[in-house]
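Trainee: I am new to this model and should like to study one part of it closely. May I ask for a connected account, with each term explained as it arises?

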Amino acid sequence: MNYDKKSDKLYLIIPAAVIVVAVLCVVWAAVSGGRSVYKYAGRISSAAREYDLEPALVAAVAKAESGFNKDAVSEKGAVGLMQLLPETADYVADKIGYSGQIRLKDPQCNVTLGAAYLRYLFEKFDGEFEVLCAYNAGEGRVRGWLEDETLSSDGKTLTVVPFKETREYVARVQKYKKQFDGSFSKSR
């Protein structure tokens with residue numbers, strides 16, 4: 001019988017690697033609370049279709065806003081997956097004729113109103129970049145930025161975003177959108 005020490009080491013390394021990967025997956029699930037895009041993929045896809053949005057964009061906003069934590073509440077009072085302020089949710093619900101009870105920790109309600117708010121912002125601004133800035137910094141603030149010739153040369157496109165938080169937010173959403181792009185079917 002021919003004994004090979006190299007193959008003997010492989011028999012030890014492969015199971016060890018599998019165990020390490022399994023442990024890392026368990027740790028990640030515990031740290032993230034089991035939150036992922038897949039838990040809410042159906043709701044995100046449905047709301048994106050209803051409001052003619054890319055599902056990857058809706059998912060990316062939810063990831064950037066709350067890390068898919070339906071119970072998240074910010075210091076400013078924004079609630080749920082899409083981190084909607086109660087007054088924004090009320091405004092959007094009124095605009096779209098939402099007949100259900102507004103429960104912002106309910107993923108169905110929150111994603112529906114968050115997607116409707118994104119659609120509303122797309123109707124107000126020309127580009128996704130400006131929409132995301134408005135989602136983060138507020139519609140009125142972005143309007144003011146667009147009127148400032150040092151921030152926008154044409155009044156429609158931002159060339160400079162004065163808030164670091166907003167610049168970083170938009171970059172995060174864009175990164176997540178690329179990550180989620182293949183997670184949803186291309187048909188809307």
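What percentage of the 188 residues in the protein chain is buried? After that, please take a close look at helix H3 (residues 55-66) and its surroundings.

Mentor: This is a predicted model, in which local features need pLDDT of at least 70 and side-chain atom pairs count only at pLDDT 80 or more, while totals for chains, interfaces and linings use all residues. Residues are numbered from 1 along each chain as its sequence is written, and side-chain values use heavy atoms, with hydrogens and water left out.

Of the 188 residues in the protein chain, 39% are buried; that word means under 20% relative accessible area, whereas exposed means over 50% and partly exposed lies in between, with a 1.4 Å probe and protein chains only. The protein chain has 8 helices and 0 strands; these are DSSP runs numbered from the N terminus, helices being H or I of at least four residues and strands E of at least two. Among contacts with a separation of 6 or more, 53% join residues 24 or more positions apart, a contact being heavy atoms within 4.5 Å.

We may approach H3 from the helix before it. In H2 (41-50), the buried residues are Ala 41, Arg 43, Ile 44, Ser 45, Ala 47 and Ala 48. Their cover includes H3 and helix H5 (107-124). Just after H2 comes Asp 52, in the loop that leads to H3. The phi of Asp 52 is near 50°, a positive value in a residue other than glycine. Asp 52 counts as partly exposed because its relative accessibility is 48%.

H3 itself packs against H6 (residues 128-137): the axes of the two helices come within 12 Å and cross at roughly 35°. Here axes are lines fitted to C-alpha atoms, for helices over the stretch in contact, and angles run from 0 to 180 degrees between N-to-C directions. The crossing of H3 and H6 is right-handed, meaning that the near helix is turned clockwise from the far one by less than a right angle; anticlockwise would be left-handed.

On the H3 side, Leu 57, Val 61 and Glu 65 take part, and they meet Glu 128, Leu 132 and Tyr 135 of H6. The residues of this contact comprise 4 nonpolar, no polar and 2 charged. In this grouping Ala, Val, Leu, Ile, Met, Phe, Trp, Tyr, Cys and Pro are nonpolar, Asp, Glu, Lys and Arg are charged, and the others, Gly among them, are polar. An α-helix has 3.6 residues a turn, so residues three or four places apart point the same way.

Ser 66 also belongs to H3. Because its relative accessibility is 12%, Ser 66 counts as buried. Leaving aside residues up to four places away in sequence, Ser 66 touches Ala 72, Gly 80, Leu 81 and Gln 83. From Ser 66 to Val 79 the C-alpha distance is 8.7 Å, with their positions 13 residues apart in sequence.

Beyond H3, Phe 68 lies in the loop towards helix H4 (86-96). Phe 68 also has a positive phi, near 65°, and is a residue other than glycine. With a relative accessible area of 2%, Phe 68 is therefore buried.
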